[in-house]
Amino acid sequence: MLKLTNENLLKSQCYIDGEWIDADNAETMDVLNPATGEVITSVPKMGQAETERAITAANAVQKNWAKRPAKERANILRNWFNLIMANQEDLAQIITAEMGKPLAESRGEVAYGASYIEWYAEEAKRVYGDTIPAPGDDKRIIVMKQPIGVIASITPWNFPNAMITRKIAPALAVGCATVMKPAEQTPLSALALCVLAEEAGLPKGLVNCVVGDPVAIGGEMTSNDIIRKLTFTGSTEVGRLLMRQSAQHIKKLGLELGGNAPFIVFDDADIDAAVEGAMISKYRNSGQTCVCANRIYVQEGVYDQFAEKLAAKVADLKIGNGAEDDVVQGPLIDDKAVAKVEAHLTDAVSKGAEIVCGGQRHELGRTFFEPTIVKNVTKEMKVAREETFGPIAPLFRFKDDADVIAQANDTEYGLASYFYAKDMSRVFRVAEELEYGMVGVNTGILSNEVAPFGGIKQSGLGREGSKFGLDDYLEIKYVLLSEI
Ligand code: ADP
């Protein structure tokens with residue numbers, strides 16, 4: 001049973017126009033704990049009509065919100081940040097219950113998610129425009145930045161809290177209104193954030209949350225003319241679909257899609273540090289993040305040493321229900337996720353890869369899977385091309401810099417990449433040649449609120465976090481003042 005200090009944070013209704021409501025047809029869907037299979041609660045299964053109402057409500061209040069002084073908006077966002085941090089433990093318990101990640105990671109996610117609210121509360125006051133020298137003395141050019149309007153967000157289950165704040169915080173900071181749709185598996189974190197948004201003083205209608213049928217809700221979000229921007233984090237396949245649907249109204253898009261992150265260990269690297277980095281990058285959230293190392297390339301001279309040291313660390317990982325003390329690997333989100341991991345492993349082994357450790361469903365049953373290492377992996381295997389999104393570390397061997405850069409870039413994705421090396425000229429060259437939106441050098445973890453998170457190629461459009469993330473929610477207006 002999920003026991004919270006603040007029981008008001010566990011909601012079984014959606015939040016539209018400042019009211020807690022059920023679906024029009026009273027249908028509901030269960031929210032399950034992936035570690036136990038137990039039903040935590042049920043939530044409304046909403047569709048098109050409720051989404052349309054939420055969008056209308058957001059539209060009704062957006063202009064007034066945008067007119068308020070930035071400092072006022074900033075203060076309300078700051079309240080929201082403070083409330084989230086004051087309820088960090090409960091919010092972490094909710095994440096672990098509905099999603100499965102270990103509590104320590106959930107606490108980290110709450111703080112990470114809140115950091116975007118803190119950052120954008122500060123940045124709200126710094127939406128600067130420009131004046132530009134005009135082509136004639138009788139003219140002046142002013143460039144102002146204005147909020148896009150009403151935005152819709154669709155978010156995944158792997159970071160049920162932080163993926164929402166990363167999108168909503170900059171939007172609210174600059175004066176947009178929002179309608180969010182969390183993943184069906186993890187609506188409870190989203191609803192809890194709405195409870196605290198209301199308490200923080202965010203006006204009714206400014207933050208709305210609809211949960212339910214993704215096709216119906218996404219369909220309304222992409223076909224309703226009021227929505228000026230859709231921001232989505234999820235699979236490239238669904239991103240492509242939403243992009244097509246948004247073409248009708250030429251909506252602005254923010255897309256954080258799949259990744260196929262390379263993690264490269266050069267022969268001059270500090271191998272122990274590289275092993276530490278690989279552990280974090282690969283096994284965090286049981287491998288279920290879009291920036292998790294998907295392909296680990298190790299230079300031939302240090303390959304065996306790296307494999308051995310990594311296997312020793314993996315053997316120490318404690319697997320179990322994330323709510324229990326010391327557990328560092330929780331279950332995968334559902335059966336579909338386990339089936340993908342199994343398919344990738346079977347494919348690799350059938351083409352000559354060798355299992356170093358793990359390789360099977362865990363004895364705990366359900367969706368628990370053993371943290372796994374496979375070696376002698378080649379580019380013909382599925383693990384080289386597709387995002388596994390699970391706890392498999394495939395070890396590829398490479399000869400030299402040119403060889404590994406070509407292999408690392410040989411993918412339609414371009415989100416995160418990592419490499420370990422000491423030689424400075426190598427560090428600069430490799431950082432520049434990797435075709436990725438983010439490069440971690442001698443580190444296995446990259447994301448923070450002050451830096452621009454995002455991908456190139458088919459990994460997406462736009463950036464989240466940092467000053468660049470603010471621009472994604474602003475329109476530029478050029479005003480030419482002419483003397484008469
Ligand atoms: P995953 O396979 O990791 O669940 P998805 O891309 O399917 O990734 O899901 C990410 C988000 O996209 C979730 O909130 C999900 O409900 C939503 N989603 C899935 N299909 C659609 C769709 N056809 N229209 C709108 N949203 C969708």
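How many residues of domain 1 are in contact with how many residues of domain 2? Here are some notes to read alongside the structure, which is a predicted model.

1. **The contact between the domains.** To take the opening question straight away: domain 1 brings 16 residues to the contact, and domain 2 brings 20. On the domain 1 side, helix 3 (88-99) and helix 4 (103-123) each supply at least two of the residues that touch domain 2. If you sort that side of domain 1 by class, you will find 6 nonpolar, 7 polar and 3 charged residues.

2. **How the protein is divided.** Domain 1 is made of two stretches, 7-257 and 459-480, while domain 2 covers 262-441. Taken over C-alpha atoms, the centres of domain 1 and domain 2 are separated by 31 Å.

3. **What the record says.** UniProt, in an unreviewed entry, places the feature "domain: Aldehyde dehydrogenase" at residues 20-479. Over residues 20-479 the chain is 41% helix and 21% strand. The C-alpha atoms at the two ends of this stretch are 42 Å apart.

4. **Around the ligand.** Which residues come nearest to the ligand? They are P214, G218, G234, S235 and V238, out of 13 residues around the ligand. Two helices are worth finding on your screen: helix 7 (214-223) and helix 8 (236-246) each supply at least two residues of the shell. Helix 7 gives the most to the shell, with 3 residues. By class, the shell around the ligand has 7 nonpolar, 4 polar and 2 charged residues.

5. **The sheet of 7 strands.** This is an open sheet with mixed pairing, and its strands run in the order 14-15-16-13-12-17-18. Why is one side of strand 14 and of strand 18 left without a neighbour in the sheet? Strand 14 (354-357) and strand 18 (438-441) stand at the edges and have a single partner strand each, so one side of each has no neighbour there. On average, neighbouring strands of this sheet are turned by 25 degrees against each other, direction ignored.

6. **Inside that sheet, and on it.** Strand 12 (residues 261-265) pairs with strand 13 (residues 293-299) in the parallel sense, over 5 bridges. If you would like a place to start looking, P262 stands opposite R295 in strand 13. Helix 11 (residues 335-350) packs on the sheet, where it touches strand 14, strand 15 (372-377) and strand 16 (392-398). The direction of helix 11 makes about 35 degrees with that of strand 16.

7. **The sheet of 3 strands.** Another open sheet has 3 strands in the order 5-6-20, and here the pairing is antiparallel. Its edge strands are strand 5 (130-132) and strand 20 (474-482), each of which pairs on one side only. The twist from one strand to the next averages 25 degrees. Strand 6 (residues 139-147) pairs with strand 20 in the antiparallel sense over 9 bridges. Along this pairing, M144 stands opposite K477 in strand 20.

Definitions and conventions. Residues are numbered from 1 along each chain as its sequence is written. This is a predicted model: local features need pLDDT of at least 70, side-chain atom pairs count only at pLDDT 80 or more; totals for chains, interfaces and linings use all residues. UniProt positions are given in the numbering used here, feature names are shortened, and annotations may be inferred rather than shown by experiment. Helices (H or I, at least four residues) and strands (E, at least two) are DSSP runs, numbered from the N terminus. Domain bounds come from an automatic or database domain assignment. Two residues are in contact if their C-beta atoms, placed from the backbone, lie within 7 Å. Ala, Val, Leu, Ile, Met, Phe, Trp, Tyr, Cys and Pro count as nonpolar, Asp, Glu, Lys and Arg as charged, and the others, Gly among them, as polar. A residue is near a molecule or strand if its C-beta atom, placed from the backbone, lies within 6 Å of it. Two strands pair if DSSP finds at least two bridges between them. Axes are lines fitted to C-alpha atoms, for helices over the stretch in contact, and angles run from 0 to 180 degrees between N-to-C directions.
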